[in-house]
Amino acid sequence: MKLRKAFPGVPLCSLWLRISLALPLAAVLASTAVHADNAPLPHIDSKRAFQYTREVAAFGERYIVDHLKGDQIEDDAFTADTVEGKFPVRNIIAKFPGTKDGIIVIMGHYDTNYWLRGSGYVGANDGGSSTAILLEFANQLHGAGSGGGAGKKRDGYSVWLVWTDGEEAVKTWTATDSLYGTRHLAEKWERDGTLKKIKALMVMDMIGDADLNIDRDTNGTPWLLDLIYAAAERQGYQSHFYARQGPIEDDHLPFVKRGVPSADVIDLDYGYNNVFHHTPQDTMDKLSPRSLEIVGDTIMETIHMLDQR
Ligand SMILES: [Zn+2]
């Protein structure tokens with residue numbers, strides 16, 4: 001993902017600082033209108049999620065599919081035509097049916113940076129953390145509903161987890177060299193009518209940084225961003241959200257363009273001035289289980305709040 005290329009010639013980091021001074025007042029105002037209900041606050045297993053991050057970085061897509069055995073799995077596989085030739089792309093979708101009519105989609109990319117492969121690049125945060133948090137969501141959703149268990153519907157909307165592929169550019173980020181997996185999936189879901197059923201779509205990306213500051217992405221849908229903030233506030237996590245804001249290009253864009261309520265949950269300040277982003281320094285020692293916990297609990301609570309709307 002990256003900042004939108006609408007400001008040519010301006011270094012990304014200084015641009016980011018310039019556009020990020022406004023306070024997310026809307027989020028603050030909206031959150032005060034939301035009242036806590038009696039449901040217990042969610043609590044993900046952050047140690048387990050952290051271990052997933054470590055293992056995912058090493059094993060990739062086989063690791064995901066092995067983890068999901070017994071779940072309702074669907075593949076969206078195709079061959080992408082890129083500036084570097086043809087590449088196989090495979091989005092992996094796990095479906096957790098609910099009693100309510102409608103779908104909540106949670107996405108996270110599992111591909112790592114192509115042009116850094118072979119340089120010892122691990123992508124612990126960029127690719128690893130998003131993959132891992134979705135695996136932990138799968139664990140949480142197994143136990144959802146009354147009693148949980150296989151074949152039991154969760155009490156709320158259906159939740160679809162999507163591990164996306166081909167998020168990264170193969171060469172340089174442009175509208176056509178990026179988001180291969182989600183551009184394909186958005187078109188497919190437009191054709192088969194799925195898009196109309198999606199109540200909310202949330203993308204997880206680079207959420208493992210020990211110094212966690214989730215950005216308010218101005219390409220996202222304001223009410224959904226506000227709801228995520230309100231969910232964070234319920235757990236006392238709000239200081240990790242929306243200190244900065246600006247437009248971000250990520251897997252949510254093909255869906256934003258088609259009118260789907262969407263949000264990118266991302267910390268695009270990875271190390272001072274984002275220095276670890278897309279470098280071989282994107283390694284486990286920069287990450288923290290606590291960050292996975294903050295994002296994980298917040299998103300599980302957001303799902304709960306969406307169910308109640
Ligand atoms: Zn990336």
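**Close-up 1. Met204 and its contacts in the predicted model.** Leaving aside neighbours within four places in sequence, Met204 touches Ile106, Met107, Gly108 and His109. Ser130, Ile133, Leu134 and Phe137 are also in contact with Met204. Val265, Val295 and Ile299 complete the list.

**Close-up 2. The largest nonpolar core.** This core has 60 residues. Met204 is one of those with the most contacts inside it, along with Ile106, Leu161, Trp163, Met202 and Ile299. Another core lies apart from it and has 15 residues. Val105, Val162, Ile198 and Val203 are among the residues of that other core.

**Close-up 3. The zinc ion and its donors.** Asp126 (OD), Glu168 (OE), Glu168 (OE) and His278 (NE2) coordinate the zinc ion at 1.9 to 2.7 Å. The site is irregular, with angles of 53 to 146° among its 4 donor atoms. In sequence, the donor residues follow the spacing D-x41-E-x109-H. Glu168 sits in the loop between strand S5 (154-164) and helix H6 (180-191). His278 sits in the loop between strand S10 (262-266) and helix H9 (289-308). The pair therefore ties together parts that are 110 residues apart in sequence. Glu168 is buried, at 1% relative accessibility. His278 is buried too, with a relative accessible area of 17%.

**Close-up 4. Helix H7 packed against H9.** Helix H7 (residues 222-234) meets H9 at an angle of about 115°. Their axes are 8 Å apart. The crossing is right-handed. From H7, the residues at the meeting are Trp223, Leu224, Leu227, Ile228, Ala230, Ala231, Ala232 and Arg234. From H9 come Thr298, Ile299, Glu301, Thr302, His304, Met305 and Leu306.

Note on methods
Residues numbered from 1 in each chain as written. Predicted model: local features only at pLDDT ≥ 70, side-chain atom pairs only at ≥ 80, totals over all residues. Heavy atoms only, no water. Donors = N, O, S within 2.8 Å, 3.2 Å for Na, K, Ca; no water. Tetrahedral: all angles 85-135°; square planar, octahedral: opposite > 155°, others 65-115°. Helix = DSSP H or I, 4+ residues; strand = E, 2+ residues; numbered from the N terminus. Buried < 20%, exposed > 50% of the residue type's maximum accessible area, 1.4 Å probe, protein only. Core = buried A, V, L, I, M, F, W, Y, C linked by side-chain atoms within 4.5 Å. Contact = heavy atoms within 4.5 Å. Axes fitted to C-alpha atoms, helices over the stretch in contact; angles between N-to-C directions. Left-handed = near helix turned anticlockwise from the far one by under 90°.
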